[in-house]
Amino acid sequence: DNNRVLLITDGAINVAPDTGTKIDIVNNAVALAHALGNPKPHVALLSGTESVINAMPSSVDAAEVVKRANNGEVIGAIVDGPFAFDNAISPEAALLKGIDGPVAGNADILVVPNIEMGNGLFKMMVYFMSGLAAGVVMGAKVPIVLTSRADPPEARFAATAIAAVAASKEL
């Protein structure tokens with residue numbers, strides 16, 4: 001669905017966040033989703049697999065973040081993972097792979113394991129799918145607009161509008 005609003009963390013700030021930082025990232029993304037009108041966002045922790053595999057540290061971290069989130073460190077969201085990208089956004093892929101749960105195939109927020117995945121993912125959506133990426137940094141005193149030097153004016157405007165909405169909800 002090309003009209004889908006999808007929040008993607010974190011393609012510009014946190015290079016290799018640990019699980020504590022990922023909890024903060026999830027909470028900041030959930031706060032933004034709430035400000036944008038989604039009262040109970042579905043949060044998918046991404047990895048290269050839907051199984052916890054010790055050889056894939058992102059899957060181990062994802063499982064730890066999910067455990068902590070579901071033990072009360074994240075409020076107002078449904079958090080699950082690890083998910084491979086397709087299982088997070090495609091109900092059909094999740095069904096074919098036998099992955100169940102409310103987040104499977106229905107993610108509103110994709111929490112990436114590192115900056116490489118986040119940056120590559122949003123740029124792929126912009127350049128291959130004509131997506132519009134609006135870079136907003138949450139977690140500071142006020143939201144910060146952070147766009148790519150190559151972003152068009154529409155992306156800069158969207159980021160500014162989203163940051164203004166988020167800031168007005170925090171007052």
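Helices and strands here are DSSP runs, of at least four residues for a helix and at least two for a strand, numbered from the N terminus. That is what labels such as H5 and E5 refer to. One thing to keep in mind as you look around is that this is a predicted model.

**The overall build**

The protein chain has six helices and six strands. Walking along from the N terminus, you meet them in the order β-α-β-α-β-α-α-β-α-β-β-α. How does the radius of gyration fit a compact globule? With 171 residues, such a globule would come out near 16 Å, and the chain has 15 Å, so the two agree. Along its principal axes, the C-alpha trace spans about 40 × 35 × 30 Å. Of the residues, 40% count as buried. Looking at contacts with a separation of 6 or more, 64% come from residues 24 or more positions apart.

**Helix H2, inside and out**

Helix H2 runs over residues 57–73, and its buried residues are Ser58, Ser59, Ala62, Val65, Val66 and Ala69. Look down the axis of H2 and those buried residues fall within an arc of 120°, so they line one face of the helix. Over on the other side of H2, Pro57, Lys67 and Asn71 are exposed. What sits on top of the buried residues? Helix H1 (19–35), strand E2 (42–46) and strand E3 (78–83) are among the elements that cover them.

**A cavity and a pocket**

Rolling a probe the size of a water molecule over the atoms shows where empty space is left. Here, one cavity of 30 Å³ or more turns up, and the largest cavity has a volume of about 30 Å³. Its lining is made up of Lys22, Leu45, Leu46, Ser58, Asp61, Ala62, Val111, Val112 and Pro113. The elements giving two or more residues to that lining are E2 and H2, and H2 gives the most, with three residues. By character, the cavity lining splits into six nonpolar residues, one polar and two charged. Two of the lining residues, Ser58 and Ala62, also belong to the buried set of H2.

The largest pocket holds about 1400 Å³ of space. A total of 47 residues line this pocket, and Leu6, Leu7, Ile8, Phe122 and Ala134 lie nearest its centre. At least two lining residues apiece come from strand E1 (7–9), H1, helix H3 (85–89), helix H5 (115–129), strand E5 (136–137) and helix H6 (153–170). Which element supplies the largest share of the pocket lining? That would be H5, with eight residues. The pocket lining divides into 26 nonpolar, 14 polar and seven charged residues.

**Backbone oddities**

Most residues other than glycine have a negative phi, and most peptide bonds are trans. A few spots in this chain go the other way. Here are two cis peptide bonds:

| Cis peptide bond | Omega |
|---|---|
| Thr9 to Asp10 | about -20° |
| Gly81 to Pro82 | near 5° |

Asp10 is in the loop between E1 and H1, while Pro82 lies in strand E3.

Then there's Ser130, which is not a glycine yet has a positive phi of about 55°. You'll find Ser130 in the loop between H5 and E5. Is Ser130 buried or exposed? The cut-off for exposed is over 50% relative accessible area, and Ser130 is at 70%, so it counts as exposed.

Terms used: Residues are numbered from 1 along each chain as its sequence is written. This is a predicted model: local features need pLDDT of at least 70, side-chain atom pairs count only at pLDDT 80 or more; totals for chains, interfaces and linings use all residues. Side-chain values use heavy atoms; hydrogens and water are left out. Buried means under 20% relative accessible area, exposed over 50%, partly exposed in between (1.4 Å probe, protein chains only). The arc is that of the directions from the helix axis to the C-beta atoms. Contact means heavy atoms within 4.5 Å. On a 1 Å grid over the protein atoms alone, a cavity is a set of points where a 1.4 Å probe fits but cannot get out, and a pocket is an open set with protein on both sides within 12 Å along at least five of seven lines; lining residues have an atom within 4 Å of a point. Grid points are joined across faces, edges and corners, and a volume is the space filled by probe spheres set on the points. Ala, Val, Leu, Ile, Met, Phe, Trp, Tyr, Cys and Pro count as nonpolar, Asp, Glu, Lys and Arg as charged, and the others, Gly among them, as polar. The radius of gyration is taken over C-alpha atoms; the globule rule is 2.2 Å times the number of residues to the power 0.38.
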